[in-house]
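Me: I have a protein model to study. Please take me through some of its parts by question and answer.

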Amino acid sequence: MMEDLRMENREEEFVIDFRKILSALKKWWVVCLFLILTTTAISFLLADKASVGEYVASGKIMVTEKKFVDPDEPQPSFGLDYSDLQLSKEMVNIYSEIIKSELISDEVITNLGLSISNSYYREKVAVGPSSGSKVMEIKFSFNDEQTAIAIVDEIMDVFSHKIVSIIEIESITILNQANIASSPVSSSITKNIILGVFIGVILSSGLIFMVVLLDNKIKTQSMLKEIFDYPVIGEVSSLLDKKDNQQNDKPVTDKYKDLDKLFIINKYQSSAAEGIRNIRASLLLKESDLKNRIISVMSPLQGQGKTVIAINLAVSLSQIEKKILLIDCDLQSPTIHNDLAIEKDCGLVEIINDAKSFDDCVVNYMQNLDVLCSGKEITFASEFVQSKKLKAFIDEVSKKYDYVVIDSPAIDVTSDALIISKYTDGSLLIVAAGENDRDSLALINERLHELQVNIIGVVLNNKKVF
């Protein structure tokens with residue numbers, strides 16, 4: 001079943017959600033803009049460097065082929081009929097190829113003493129029909145105005161002499177000498193800028209789609225529900241919401257006003273605080289399932305906000321006249337003492353090692369809430385957690401409180417969290433949005449089932465809160 005679940009999750013990765021694309025665009029728009037501006041700037045510089053400002057010279061020539069009259073024709077035809085027009089168009093194409101050929105280019109280059117190649121000549125010359133059906137317009141682009149005019153005149157002159165030896169011509173007329181058809185050409189700059197913008201948009205689009213397709217992180221409650229068999233009981237939202245910066249409607253005492261992470265008091269109206277109260281409500285609905293109401297709080301990775309959620313949950317439970325004990329059992333990375341601004345020198349370690357009594361170390365932090373810090377650092381934290389004395393201690397203190405909330409280590413750091421969970425009635429799993437991929441969470445879900453860990457619920461934590 002777990003394998004099937006992971007396969008389904010992998011299949012979901014290939015479904016493109018346009019909301020994800022918009023979210024990625026919002027997050028990466030600076031990079032996208034940078035790519036577009038960079039490619040545009042590079043294209044402009046290349047075009048500006050390559051562009052030398054070319055003049056286009058133009059001249060017109062009319063060629064009339066000999067027309068053979070059929071002696072059997074009862075009456076000679078005058079003017080141009082459809083067949084004449086078709087023949088003229090075909091002949092213009094033939095003349096164009098002759099003008100572009102080396103037969104003409106060799107003589108033009110030699111006569112004018114030009115230092116250009118036949119391929120360059122062929123690239124710059126253009127031949128096409130003009131307003132009349134038998135009129136050809138010959139153009140040549142070059143970076144020197146007089147040279148461009150001279151080349152067109154020479155092309156028409158050489159062509160006039162060469163064509164009579166190739167095709168039977170009735171007459172050939174140069175309608176006008178070459179003249180400059182336009183000012184120096186610089187359209188390549190515009191084209192390159194457009195190309196640069198296009199390339200930048202393509203690269204930006206590719207970046208956005210790669211971000212979306214490769215993004216395997218869990219960001220919503222619905223995504224959590226696709227992975228875990230356990231109930232998803234809440235979400236702690238970001239404190240960066242505009243409304244969360246408004247003035248509280250409840251006074252904050254001087255003792256707690258500087259504790260940013262104690263948002264259940266300092267940001268009572270915030271969405272984050274409301275998320276904690278929703279989790280509290282879920283726990284109260286499960287009271288009948290909890291013998292002594294001992295709850296551990298764990299997370300897949302270190303730094304996902306589990307400690308702050310444990311603190312605020314404990315405070316929230318104390319606000320409804322429940323007697324609460326909060327224990328810092330994350331012996332490798334204890335932080336409760338810092339978050340609540342209390343001393344940690346006397347704590348859980350000293351009690352289990354019989355150096356101090358519970359009454360010596362427990363801190364009555366606020367009404368209905370006692371806090372027990374981790375105590376001094378120890379080397380063998382895993383062995384400490386597995387001791388029978390710790391289990392016996394938790395069982396004993398749970399008789400004095402309505403709820404015992406234990407801050408456990410992260411699952412990826414050590415197996416201590418899973419061991420501690422065996423001393424409790426249930427555990428909360430805190431998953432930070434955008435920091436856990438589907439596959440790793442699916443493996444954790446499978447492991448929790450194998451070890452028969454009682455997960456009360458999964459909570460999505462928006463890490464921006466902290």
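The turns below cover a sheet, a helix and a single residue.

The model is predicted, so local features need pLDDT of at least 70 and side-chain atom pairs count only at pLDDT 80 or more, while totals for chains, interfaces and linings use all residues. Residues are numbered from 1 along each chain as its sequence is written, and side-chain values use heavy atoms, with hydrogens and water left out.

Me: Which are the edge strands of the open sheet of 8 strands?
Reply: Strands are DSSP runs of E of at least two residues, helices are runs of H or I of at least four, and both are numbered from the N terminus. Two strands pair if DSSP finds at least two bridges between them. The open sheet has the order 5-12-11-6-10-7-9-8, with mixed pairing. Two strands each pair on one side only: strand 5 and strand 8.

Me: In which sense do strand 5 and strand 12 pair, parallel or antiparallel?
Reply: Gly234 has Val459 as its bridge partner in strand 12. Val236 has Asn461 as its partner there. Over 4 bridges, the sense of the pairing is parallel.

Me: How many residues of strand 5 are buried?
Reply: Buried means under 20% relative accessible area, exposed over 50%, and partly exposed in between, with a 1.4 Å probe and protein chains only. Strand 5 covers residues 232-236 and is mostly covered. Of its 5 residues, the number buried is 4.

Me: What arc do the buried residues of helix 18 cover?
Reply: The buried residues of helix 18 are Arg438, Leu441, Ala442, Ile444, Asn445 and Leu448. They lie on the same side of helix 18, because their arc around the axis is narrow enough to put them there. The arc is that of the directions from the helix axis to the C-beta atoms. Its value is only 160°.

Me: Which residue has a side-chain oxygen that reaches the backbone nitrogen of Asp439?
Reply: A polar contact is a pair of N or O atoms within 3.5 Å; within protein, one must be able to donate a hydrogen and the other to accept it, and residues adjacent in sequence count only if both atoms are side-chain atoms. At the start of helix 18, the oxygen comes to within 3.1 Å of that nitrogen. The residue is Asp437.

Me: Is Lys124 buried or exposed?
Reply: Lys124 is in helix 5. It touches Glu54, Lys139, Phe140 and Ser141, not counting residues up to four places away in sequence, where contact means heavy atoms within 4.5 Å. Its relative accessible area is 15%, so Lys124 is buried.
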